[in-house]
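I opened this entry to keep track of what I looked up, one element at a time. The notes follow the order in which I went through the model.

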Amino acid sequence: MTFVPKPKARHPLLKTNEIGLTRRDYEAIVSTLCAGCGHDSVSAAVIQACHELSIPPHQFAKVSGIGCSSKTPSYFLGNAHGFNSVHGRMPSIATGAYLANKELKYIGISGDGDSASIGLGQFAHIIRRKVDMCYIVDNNGTYGLTKGQFSATNDRGSTSKRGVPNLYAPIDLVSLAIQLGASFVARSFSGDKQQLIPLIKAAVLHKGFAFIDVISPCVMFNNHEGSTKSYSHVRNHTEPVVDANLIMPRDEIAVEYEEGTTISVSMHDGSKLQLRKLSDSYEPDDRVSALTYVQQAQEEGEIVTGLLFLEEDAVDCHDILGTSDTPFNGLEQESLCPRAEKLEQINESLR
Amino acid sequence: MQPTDIHNPNYFHKVVDCQWACPAHTPVPEYIRLIAQERYTEAYMINWESNVFPGILGRTCDRPCEPACRRVRTEEKPVAICRLKRVAADHKGDITRYLPKVPKKKNGKRIALLGAGPASLAVARDLLPLGYTIDMFDRDPGGGGMMRSQIPAFRLPKDVLEEEVDLIVNMGVNARYNYEITSMKEMLDMDYDAYFVGTGAPRGRDLDLPGRKEVSKHISIGIDWLSNVAFGHTTSISGRVIVMGGGNTAMDCCRTSNRLGAESVTVVVRSAFDVMKASDWEKEDAMAEGIPILNNRPPKEFVHENGKLKGVVFGRVKPVEADGRLKYVPTGEADVYIEANHILMAIGQENHCPWIERDLGIEFDKWDCPVIDEDSLQSTHEKIFFGGDSAFGPENIIWASAHAHKAAISIHLFCQGKDPKHDRPPEAVNLISQKMGLHEWSYDAEHDPSQRHIVPHADLKRSLDNIKVEVELGFDEDLGFKEAQRCLNCDVQTVFTEKLCIECDACVDICPMDCITFTPNAPEAELRTALTAPAETLEQDLYVSDTLPTSRVMVKDEDLCLHCGLCAERCPTNAWDMQKSIIHIPQLSSYAE
């Protein structure tokens with residue numbers, strides 16, 4: 001870990017966003033993860049994305065579970081709300097928080113152990129419940145905190161640092177999310193911020209459950225030859241299929257794309273999400289065809305990246321439950337805690 | 001862009017802005033670190049080797065290093081480098097064991113030094129350890145030249161001056177004081193093996209205006225008057241005094257007048273305040289003593305009555321920028337008349353050598369300056385070398401030290417029958433990793449955000465009453481430590497090794513100043529705008545790597561790097577390392593045993 005504190009000094013020409021903040025205002029304490037960890041790049045991408053969105057840091061809530069990935073909310077958005085929960089149980093906390101206050105932007109950070117092993121059940125159900133949040137998995141295919149055992153997302157045949165191959169087939173969280181009904185599913189690479197930052201921005205603005213699987217190499221235990229989640233393997237086997245570009249209302253620019261290759265989606269805050277297809281045969285708005293494509297590519301050892309599935313006009317759990325738009329903290333005592341007569345009334349109606 | 005050649009000594013030298021800006025290229029961060037470690041003697045010796053007069057320069061240097069300091073760009077105020085130099089001098093211990101040994105047995109070569117100012121003294125210091133016999137001639141009764149005759153004691157106490165002058169003289173210089181040199185031919189007839197002319201710029205400029213002749217006994221040339229004060233010939237000045245000129249000599253004149261009993265002192269300058277030649281701090285100190293500085297007032301006429309000076313008429317102008325240059329145009333307002341009983345003229349100096357006969361083979365240019373080779377400082381007469389103000393006109397003391405090192409090498413090469421221009425030793429750079437452990441560096445990498453500390457001054461009344469009271473008190477050890485901590489250690493370089501880089505972006509993410517970018521290569525102008533933060537300071541280089549596996553290059557803008565080492569801290573493969581650059585500026589001492 002690093003002992004030198006990051007100086008407060010900053011570049012005098014650093015850009016400020018619409019609310020006058022620089023990227024540095026979205027930072028937090030210096031990471032204690034290993035030097036070169038992909039997770040730190042994901043944190044940097046979150047910082048950059050939130051800065052570009054011009055949303056004040058205190059309007060975010062960061063939630064996480066346990067693991068290297070789940071430590072990272074400490075390293076971005078120092079002025080945001082946050083809850084570091086039990087292993088694999090972040091979805092429960094996120095669901096509760098979202099029900100209590102839908103006005104915050106929720107960023108969940110989890111890992112392959114936290115979401116694909118101990119928390120797989122919770123992962124499935126938060127998707128099913130359609131909690132409006134950006135759920136990021138820092139996926140390195142290894143249990144770094146316990147010295148590098150294979151995790152549930154590690155590819156069959158991929159080797160450990162000592163050359164021992166993994167015998168089990170991986171759980172693909174992207175396929176799972178598409179299948180379980182997530183309305184925004186993307187995959188990216190921690191070493192490609194140009195792709196990752198627009199995806200995070202779109203995921204934060206997306207109404208409904210947005211999932212991003214970020215392949216994030218573990219420099220200590222899973223960045224060797226033989227690993228399928230190393231910097232060099234991912235760089236050589238990535239196939240970007242859909243480029244996402246979020247255009248904010250203030251800097252709307254006319255971009256000309258070839259007919260049929262671009263899909264433009266209006267986000268509810270007025271910005272536009274432009275999807276540019278890099279592969280002709282890819283249909284990002286068709287759940288079945290997207291799933292098929294992703295799985296076929298996986299068979300061939302290719303890593304499909306980009307915004308892989310998007311459902312417009314998705315609903316979220318408040319819509320389904322018909323719950324209050326006003327956060328609990330904005331409700332009067334009277335509505336939060338109705339008197340005994342109200343209970344009586346309800347009971348009466350059920351008799 | 002082509003990959004940066006970091007083994008070119010100039011590349012990392014330029015990154016150490018202060019050292020690059022210093023004419024003598026003193027390794028500033030190196031001695032500042034020693035001050036922070038309370039190793040004042042070692043800090044002093046680093047200075048002594050490089051600039052020869054640390055105690056004197058720590059009080060009087062023009063500080064070209066300070067405006068160059070990176071802190072000016074990252075915040076506003078530079079590290080107080082000059083005053084830290086003084087801290088080293090004030091708190092040093094016994095330096096004798098560090099001094100070069102002067103051999104008893106001489107090498108048989110005799111060198112004449114003309115003038116006993118800083119340039120000649122520094123040449124003597126460089127040559128003596130190699131066994132040269134040094135004869136030094138000067139018209140004054142002591143060594144030090146203008147450092148003794150022109151810098152008032154309230155800025156440079158006599159004991160500080162004498163300590164550093166005597167140190168060199170006592171190394172074995174045959175000093176011939178009170179020796180007025182009247183003929184170069186006469187000197188050549190003494191048949192020395194080489195001559196060094198370090199006679200300075202001893203003639204103060206005069207101004208021929210109406211009334212000048214009539215009032216000549218009420219007008220003094222600034223540097224001559226200061227010299228008379230320094231040697232005790234002048235002990236008072238009375239009535240109203242006008243100091244004409246805007247340089248450091250003018251500031252010394254007005255502050256000295258203030259101490260010698262002038263009824264009032266006014267500085268009148270032809271140019272605007274901001275472009276005055278005087279250093280900012282000299283102006284500030286003069287004003288703090290209650291001396292008004294009037295700008296944009298060119299003198300027109302000396303007013304007199306019965307041979308007595310009554311005052312001076314000044315015009316009124318204003319500066320107008322035309323074609324990037326300042327021009328002064330009359331404002332049309334009425335002239336100003338200022339009463340005066342005495343005028344001190346401090347409008348510049350010349351390196352005037354009437355005593356050099358023009359038929360000796362020493363060529364002079366159209367401005368009557370000697371023609372000198374810039375590298376070797378050799379004149380067109382092969383035996384004669386120039387340095388200090390007598391070479392290229394009036395400059396600060398630090399230039400004299402810089403010239404002296406060059407001239408000493410030239411003289412040595414010449415005496416060995418080598419070519420002083422083409423046989424010079426090259427500059428070089430060494431890079432030494434500062435990594436001591438996984439997260440341990442041998443320098444204090446942590447960035448100190450504190451503001452520049454102010455040097456305490458002596459009580460105003462006390463210092464105005466006595467010309468010998470030094471105004472600046474200097475930093476004590478505690479303040480010196482605090483100020484030393486502000487140094488960014490720019491000599492501890494960020495060194496990048498392409499073949500180790502896995503392009504994980506950790507350095508890009510951690511860099512507090514957004515100096516590092518991985519991007520497709522492009523011509524420099526394009527790259528400068530394509531970086532995470534634009535690189536707008538064109539004088540500051542871009543450090544460009546060779547092409548990486550993703551066919552991008554690493555580009556680092558050297559401009560605002562804090563040298564905090566976080567890129568190296570966060571690098572998993574040591575592709576970034578913090579390495580101290582030691583710039584080898586050739587000096588004669590490397591020839592000595």
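**Confidence**

I began with chain B, where the pLDDT averages 94 and 99% of the residues score at least 70. The model is predicted, and I noted its scores as ipTM 0.89 and pTM 0.90. I kept one caution in mind: where pLDDT is low, predicted coordinates should not be read in detail.

**Strand S24 of chain B and its partners**

I looked up strand S24 (residues 553–557) of chain B and asked how many of its five residues are buried. Five of the five are buried, so S24(B) is largely enclosed by the rest of the structure. I then sorted the side chains by direction. B:Val553, B:Val555 and B:Asp557 point one way, B:Met554 and B:Lys556 point the other way, and all are buried. This is the usual pattern, because in a regular strand the side chains alternate between the two faces of the sheet.

Next I asked which way strand S22 (residues 516–519) of chain B runs against S24(B), parallel or antiparallel. The pairing is antiparallel and has four bridges. I wrote down two positions along it: B:Phe518 is opposite B:Met554, and B:Ile516 has B:Lys556 as its bridge partner. S22(B) is itself covered on both faces. B:Ile516 and B:Phe518 lie on one side, B:Thr517 and B:Thr519 on the other, and all are buried.

S24(B) also pairs with strand S23 (residues 542–544) of chain B, antiparallel, through three bridges. There I found B:Leu542 bridged to B:Asp557 of S24(B). B:Asp557 is thus a buried residue of S24(B) with a bridge partner in S23(B).

**A three-stranded sheet in chain B**

I traced an open sheet of three strands in chain B, ordered S18-S25-S21, with antiparallel pairing. Its edge strands are S18 (428–433) and S21 (492–496), each of which pairs on one side only. From one strand to the next the twist averages 45°. S18(B) is joined to strand S25 (residues 576–584) of chain B by six bridges, and the two run antiparallel. I noted B:Val429 and B:Ile583 as bridge partners between S18(B) and S25(B).

**A five-stranded sheet in chain B**

I then went to an open sheet of five strands in chain B, ordered S3-S2-S1-S4-S17, where the pairing is parallel. Which strands stand at its edges? They are S3 (174–176) and S17 (384–386); each has a single partner strand, so one side of each is left without a neighbour in the sheet. Neighbouring strands of this sheet are turned by 20° against each other on average, direction ignored.

I checked the pairing at S17(B). Strand S4 (residues 194–197) of chain B runs parallel to S17(B) and is joined to it by three bridges. B:Phe196 stands opposite B:Phe385 there. Helix H17 (residues 397–415) of chain B lies across strands S1 (110–114), S4 and S17, at about 165° to S4(B).

**Two crossing helices in chain B**

I looked at helix H4 (residues 40–51) and helix H8 (residues 81–91) of chain B, whose axes come within 8 Å and cross at roughly 115°. The crossing is left-handed. On the H4(B) side the contact is made by B:Tyr40, B:Ala43, B:Tyr44, B:Asn47 and B:Asn51. On the H8(B) side I listed B:Lys85, B:Val87, B:Ala88, B:Ala89 and B:His91.

**A:Asp40**

I found A:Asp40 in helix H1 (residues 38–53) of chain A. Is it buried or exposed? Its relative accessibility is 12%, so A:Asp40 counts as buried, the cut-off being under 20%. The side chain of A:Asp40 makes a polar contact of 2.7 Å with the side chain of A:Ser31. Leaving aside neighbours within four places in sequence, A:Asp40 is in contact with A:Ser31, A:Leu33, A:Cys34 and A:Tyr75, and also with B:Asp509 and B:Arg570.

**B:Gly307**

My last entry is B:Gly307, in the loop between strand S10 (299–305) and strand S11 (308–314) of chain B. With a relative accessible area of 31%, B:Gly307 is partly exposed. Apart from neighbours within four places in sequence, B:Gly307 is in contact with B:Glu214, B:Lys217 and B:His218. I also noted B:Gly211, 96 residues away along the chain, with its C-alpha atom 9.4 Å from that of B:Gly307.

Key. Residues are numbered from 1 along each chain as its sequence is written. Chains are lettered from A and ligands numbered from 1 in the order in which they are written. This is a predicted model: local features need pLDDT of at least 70, side-chain atom pairs count only at pLDDT 80 or more; totals for chains, interfaces and linings use all residues. Side-chain values use heavy atoms; hydrogens and water are left out. Buried means under 20% relative accessible area, exposed over 50%, partly exposed in between (1.4 Å probe, protein chains only). Two strands pair if DSSP finds at least two bridges between them. A polar contact is a pair of N or O atoms within 3.5 Å; within protein, one must be able to donate a hydrogen and the other to accept it, and residues adjacent in sequence count only if both atoms are side-chain atoms. Contact means heavy atoms within 4.5 Å. pLDDT is the predictor's confidence in each residue, from 0 to 100. Axes are lines fitted to C-alpha atoms, for helices over the stretch in contact, and angles run from 0 to 180 degrees between N-to-C directions. A crossing is left-handed if the near helix is turned anticlockwise from the far one by less than a right angle, and right-handed if clockwise.
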